[in-house]
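Me: Could you take a close look at how the helices pack against each other in this one? I'd also like to hear about any odd backbone spots you come across.

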Amino acid sequence: MNHTKEKMMQAVFFFTACISILSVLLICVFLFSSGIPAISKIGLGNFLFGTVWRPANNLFGIFPMIVGSLYVTAGALIVGVPVGVLTAVFMASFCPKAIYRPLKAAINLMAGIPSVVYGFFGLVVLVPFVRDHVGGFGMGVLTASILLGVMILPTIISVSEAAIRAVPNSYYEGGLALGASHERSVFFAVLPAAKRGILAAIILGIGRAIGETMAVIMVAGNQAILPDSLTSGVRTMTTNIVMEMGYSSGLHREALIGTAVVLFVFVLMINISFSLLNKEE
């Protein structure tokens, strides 16, 4: 009887795994079958490196959107990674028990807040702050980077903390036995041992930042131009797709799907790079 149940559960797990793989394959087939022909019509060079996005004139250059996505994602990592990793270290090794539960609950709550709420917060709080203290109109690369940096914190903190706690306690005890302080044992023994999990947290943060749409729409300025400063308005690839897909048709719609193909390739390259780093280690 137990053997039969085990076989049944193996079949269920195999079936669900096949559904997941099939779903990814269907998404790939749809994207590439719809996007590649459009990229071919426009021209790969004109599409990827063109600086003008003007569908009415059949000009579909997404280079400003690529640069905008990279700038905003890089800014989010600069804001979110140090804060997230150090917060995870604090929670795993330094946090008093009295405040751990409230802090953990607050981080979990941040993960559940809808993107549009973050966007509204950025529009009401961050945009005026940047406009008054930094300059510009307040909507631009800097504002979007700060907001996305806050949004990726729950992911980075949770995964990094789990990685740090998974390190055997003997690493920490060995540091103490060699005469290191508590802080040095944590930062020079435990943290390097958890670097693979922390890197995974950063990769997940990149995926969240580069794929975010609603919050970015509300604070980035949505200008399809190459940004020349931190306060310049910017449009990301995801924002471009969402803003224009509703009324697009013909080559315009296919070009937007082509933009999704480029975004998909970016995410795929990030995941492949992470896998290669793990193999090297």
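Reply: Here's a walk through the helix pairs, followed by a few individual residues. Keep in mind that this is a predicted model.

Let's start with H4, since it turns up in two of the pairs. Helix H3 (residues 63–94) and helix H4 (residues 97–112) pack at about 145°, and their axes are 10 Å apart. The crossing of H3 and H4 is left-handed. On the H3 side the contact is made by Thr87, Phe90 and Met91, while H4 brings in Ile99, Tyr100, Leu103, Lys104 and Ile107. Sort the residues of that H3–H4 contact by class and you get 6 nonpolar, 1 polar and 1 charged.

Now the other partner of H4. Helix H7 (residues 153–165) packs with H4 at an angle of about 135°, with the axes 8 Å apart. Angles from 115 to 145 degrees fall in the oblique class, so H4 is oblique to H7. From H4, the residues touching H7 are Tyr100, Lys104, Ile107, Met110 and Ala111. H7 answers with Leu153, Pro154, Ile157, Ser158, Glu161 and Arg165. By class, the H4–H7 contact splits into 7 nonpolar, 1 polar and 3 charged residues. If you go back and forth between the two lists, you'll find Tyr100, Lys104 and Ile107 of H4 in the contact with H3 and also in the contact with H7.

Next pair: H8 and H9. The axes of helix H8 (residues 169–177) and helix H9 (residues 182–193) come within 9 Å and cross at roughly 140°, and H8 and H9 are therefore oblique to each other. Their crossing is right-handed. H8 makes the contact through Tyr171, Tyr172, Gly175 and Leu176, and H9 through His182, Ser185, Val186, Ala189, Val190 and Ala193. That H8–H9 set divides into 7 nonpolar, 3 polar and no charged residues.

Further along the chain comes helix H10 (residues 195–211). H10 has 17 residues and reaches 24 Å from its first C-alpha to its last, close to the 24 Å expected at 1.5 Å a residue. The buried residues of H10 are Ile198, Ala200, Ala201, Ile203, Gly205, Ile206, Ala209 and Ile210. When you read that kind of list, remember that an α-helix has 3.6 residues a turn, so residues three or four places apart point the same way.

On to the backbone. Most residues other than glycine have a negative phi. Asparagine 58 has a positive phi of about 55° although it is not a glycine. You'll find asparagine 58 in the loop between strand S1 (53–54) and strand S2 (59–60). Asparagine 222 also has a positive phi, near 55°, and sits in the loop between helix H11 (214–219) and helix H12 (237–245). Their surroundings are worth checking too: asparagine 58 is exposed, with a relative accessible area of 53%, whereas asparagine 222 is buried at 17%.

One last stop is histidine 252, in helix H13 (residues 250–280). With a relative accessibility of 10%, histidine 252 counts as buried, because the cut-off for buried is under 20%. Leaving aside neighbours within four places in sequence, histidine 252 is in contact with Trp53, Pro55, Phe60, Glu244 and Tyr247.

Technical notes. Residues are numbered from 1 along each chain as its sequence is written. This is a predicted model: local features need pLDDT of at least 70, side-chain atom pairs count only at pLDDT 80 or more; totals for chains, interfaces and linings use all residues. Side-chain values use heavy atoms; hydrogens and water are left out. Axes are lines fitted to C-alpha atoms, for helices over the stretch in contact, and angles run from 0 to 180 degrees between N-to-C directions. Helices (H or I, at least four residues) and strands (E, at least two) are DSSP runs, numbered from the N terminus. Angles under 35 degrees count as roughly parallel, over 145 as roughly antiparallel, 65 to 115 as roughly perpendicular and the rest as oblique. A crossing is left-handed if the near helix is turned anticlockwise from the far one by less than a right angle, and right-handed if clockwise. Contact means heavy atoms within 4.5 Å. Ala, Val, Leu, Ile, Met, Phe, Trp, Tyr, Cys and Pro count as nonpolar, Asp, Glu, Lys and Arg as charged, and the others, Gly among them, as polar. The expected span of a helix is 1.5 Å times one less than its number of residues. Buried means under 20% relative accessible area, exposed over 50%, partly exposed in between (1.4 Å probe, protein chains only).
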